[in-house]
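Reader: Hi! Could you walk me through some helix packing here?
Author: Happy to, let's have a look together.

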Amino acid sequence: MATPIGHARDIGLRALDVLRAADVVACEDTRVSAKLFTLYGISATALAYHDHNAAQMRPRLLRLLQDGKIVALISDAGTPLIADPGYRLVRAAVDAGIYVTAVPGPSAPVMALTLSGLPSDRFLFAGFLSERSAERRRSLRELQAVPATLVFFDSPRRLAESLADALAVLGDRPAAVARELTKLFEEVRRGSLQELAAHYAAAATPKGEIVLLIGPPVAGAATDTTPEKITAAIDAALRKAIANVSLKQAVADVAAELGLPRRDVYARALRLRSDQQE
């Protein structure tokens, strides 16, 4: 039997029963899981199973399952199989005719949705936002008309940029930023995209894992086609680009990224430089 289990400080009794009955526990990080095992008296053999060794470990785990062993899959926090390689192990086990069940546990996207105050009757979990602004904006444009709350994972290092891109592409929708959910120092900040973008642009880089939630489109709401949003998007992109390349190259890069005439971007670049010199 293969059993995926998410473990955290509030692990449930059913999950503990399964772990104590397991012959082998596949862990995201055996060092983290060792603390759980010690705390609750779990004696199963722990094997590492993560992004870097999943392809090598799956055949070994499947052989154990085919030999009649009970294998549990756990993650360091949250629910296994959500944005991790666990789903491939489950798929392989199902294809091999092995019984698979799951023990409900903490899930950061679902917990963030329930705490956000945003509509939860229809939502789309879209995984991680891209590291690059142009790809991020492209993904957001694809989701622009989706009539549901959008849920993303994001890095704390690029959260401010992601919020600025979301504001430029989607317009000023209700949103929420949830941090360190299912862990000890959880935090949820709610507001409009404009308010959240301004806050995280000025604040220190947050710590921990981030879930970004954006409310569904509102009929008649302004999007990135308004002049103010376009100007704000150009300025944000120019400030970022000018820090790394020449003014000429920054103008070319931003014009290509936003799909705007180079002369318009160049005019904004000159204005920004003038403002900085005053």
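Author: One term to start: a polar contact is a pair of N or O atoms within 3.5 Å; within protein, one must be able to donate a hydrogen and the other to accept it, and residues adjacent in sequence count only if both atoms are side-chain atoms. This is a predicted model, where local features need pLDDT of at least 70, side-chain atom pairs count only at pLDDT 80 or more, and totals for chains, interfaces and linings use all residues. Residues are numbered from 1 along each chain as its sequence is written, and side-chain values use heavy atoms, leaving out hydrogens and water.

Reader: Cool, which side chain does Arg-137 join in a polar contact?
Author: That of Asp-165, at 2.8 Å.

Reader: And is Arg-137 buried or exposed?
Author: Arg-137 is buried, because its relative accessibility is 4% (buried means under 20% relative accessible area, exposed over 50%, partly exposed in between, with a 1.4 Å probe and protein chains only).

Reader: Where is Arg-137 found?
Author: In helix 6, residues 133-142. Helices are DSSP runs of H or I with at least four residues, numbered from the N terminus.

Reader: Which residues of helix 7 does helix 6 meet?
Author: Glu-161, Ser-162, Asp-165, Ala-166, Ala-168, Val-169 and Leu-170. On the helix 6 side, Arg-137 is one of the residues in this contact, meaning heavy atoms within 4.5 Å.

Reader: Switching topic, at what angle do helix 3 and helix 4 pack?
Author: About 40°, with the axes 10 Å apart. Axes are lines fitted to C-alpha atoms, for helices over the stretch in contact, and angles run from 0 to 180 degrees between N-to-C directions.

Key: Helices (H or I, at least four residues) and strands (E, at least two) are DSSP runs, numbered from the N terminus.
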